[in-house]
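Reader: I would like to work through a model feature by feature, and to hear at each step how the general idea applies to the case in hand. Could we begin with the whole chain and then turn to the details?

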Amino acid sequence: THQALLWGGPQEGFDNPNIDNEFYGRTPDVAAGGMKIPGAPGILIGMTDRFAFTTTSGEMDNSTVYVESLDPTRAPTNPQTADSQYYFWFNNAYRQMDRRVEVVHYAGENPTHAAQYGPPNRAPILFNVFRVNDCDAQHFHGPVMSFDLVSDPAHPRAYTMKTAYWKNEQSTLDGFFGFDTAKNFVDFDAAVAKIVSLHNFFYADYLGNIAYWSAGSKVNYPPGFDDRFPSDGTG
């Protein structure tokens, strides 16, 4: 027929209940159907009456790992205690990390026991989550992924991670919903441009056009920076 055929395999697996559902809708502005996530707007993988599209996870570098220099005089070796607190060096001064205490519940716990730090002991578990935050997007380095507190006690470190689309996640939802209202290739391309999280997109339309995009926000590294290494978090 000289028309394009699109086959997509996002490899999500099968669960019961599944995280996806199949949906078809038609309004004056939308004629789309396929796979969506319950509660999320728009068809994520599917077709309209003019084209089909599918996606897989992208592989671009859109996150940065920072190495944070901690105050060695105030760096407890155990981050999971009621008194654990850390101070990181930023712009010529030590600043206190944010700390959030989470209560982790698990099967078999005794809910009458007070939550506590340490290994499970029939009580809910208290868990500290740390992050480096200087109140704005430019200086936010993200949550602590790991600590290095004992290999070199005179120079304790923490490793944080920040995504290039922090506080802009809504743009991805706008882009996906734009697929459902797109009328042609140009509209679809404009919707892809709104995607800030990492995705590969594949497209085929009734005219026989096929296309591929690698979408997502990229990290704005300084000139000459080797992104195989962590970034310096000291400012």
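Author: What follows is a dialogue on a predicted model, going from the overall form to the cores, the salt bridges, the surface and a few single residues.

Reader: What does the secondary structure of the protein chain come to, and how does the radius of gyration compare with the globule rule?

Author: The protein chain has two helices and 14 strands. Its radius of gyration is 23 Å, well over the 18 Å that the globule rule gives for 235 residues, so the chain is more spread out than a compact globule. Along the principal axes, the C-alpha atoms fill a box of roughly 70 × 55 × 30 Å.

Reader: How much of the protein chain counts as buried, and what is the make-up of its accessible surface?

Author: Of the 235 residues, 36% count as buried, while the accessible surface comes to about 14300 Å², with 55% of that area belonging to carbon and sulfur atoms. As for the contacts between residues at least 6 apart in sequence, 49% join residues at least 24 apart.

Reader: Let us turn to the interior. Which residues of the largest nonpolar core touch the most other members, and which elements give two or more residues to that core?

Author: The general idea is that nonpolar side chains tend to be buried together in soluble globular proteins. Here the largest nonpolar core has 20 residues, and those touching the most other members are F179, F188, V192, F201 and W213. Two or more residues of this core come from each of the elements β2 (31–36), β4 (51–57), α1 (170–181), α2 (185–192), β12 (199–205) and β13 (210–215). Another core, of 11 residues, lies apart from it and includes L70, F90, F130 and V132.

Reader: To see one member in its surroundings, which residues does F188 touch, beyond those up to four places away in sequence?

Author: With those sequence neighbours left out, F188 touches F51, F53, F179, A182, Y203 and W213. Two of these partners, F179 and W213, are themselves among the residues that touch the most other members of the core.

Reader: Now for charged side chains: how many salt bridges does the structure hold, and where is there a pair that links distant parts of the chain?

Author: The general idea is that side chains of opposite charge can pair when their charged atoms come close. The structure holds five salt bridges, and one of them joins the side chains of R131 and D98, with 3.0 Å from N to O. This pair links distant parts of the chain, since R131 belongs to strand β9 (residues 125–132) and D98 to strand β8 (residues 98–104), 33 residues apart. R131 counts as partly exposed at 32% relative accessibility, and D98 is likewise partly exposed, with a relative accessible area of 28%.

Reader: What are the N to O distances in the salt bridges of D49 with R50 and of R228 with D226?

Author: The D49 and R50 side chains meet at 3.5 Å, and those of R228 and D226 meet at 2.7 Å. R50 is partly exposed, its relative accessible area being 31%. In the other pair R228 is exposed at 69%, whereas D226 counts as partly exposed at 28%.

Reader: Turning to the surface, which residues make the nonpolar patch of about 240 Å²?

Author: That patch is made by V65, M145 and M161. V65 lies in strand β5 (residues 63–69) and, at 31% relative accessibility, counts as partly exposed; the cut-off for belonging to a patch is over 30% relative accessible area.

Reader: How should I read the separation of two residues along the chain against their separation in space, for instance with A193 and A215?

Author: The two separations are best set side by side. A193 and A215 are 22 residues apart along the chain, and their C-alpha atoms are separated by 7.1 Å. A193 lies in the loop between α2 and β12, where it counts as exposed at 64% relative accessibility. For Q96 and N133, 37 residues apart along the chain, the C-alpha separation is 8.9 Å. Q96 is found in strand β7 (residues 94–96), is partly exposed at 44%, and touches Q85, Y86, Y87 and F88 when residues up to four places away in sequence are not counted. In another pair, Y24 and D232 are 208 residues apart in sequence and 49 Å apart in space, C-alpha to C-alpha.

Conventions
Residues are numbered from 1 along each chain as its sequence is written. This is a predicted model: local features need pLDDT of at least 70, side-chain atom pairs count only at pLDDT 80 or more; totals for chains, interfaces and linings use all residues. Side-chain values use heavy atoms; hydrogens and water are left out. Patches are made of residues with over 30% relative accessible area and no salt bridge: like charges are joined within 9 Å, nonpolar side chains (Val, Leu, Ile, Met, Phe, Trp, Tyr) within 5 Å. Accessible areas come from the Shrake-Rupley method with a 1.4 Å probe; for residues, only the protein chains shown count as cover. A salt bridge is a side-chain nitrogen of Lys or Arg within 4 Å of a carboxyl oxygen of Asp or Glu. Helices (H or I, at least four residues) and strands (E, at least two) are DSSP runs, numbered from the N terminus. Buried means under 20% relative accessible area, exposed over 50%, partly exposed in between (1.4 Å probe, protein chains only). The radius of gyration is taken over C-alpha atoms; the globule rule is 2.2 Å times the number of residues to the power 0.38. Contact means heavy atoms within 4.5 Å. A nonpolar core is a set of buried Ala, Val, Leu, Ile, Met, Phe, Trp, Tyr and Cys residues joined through side-chain atoms within 4.5 Å.
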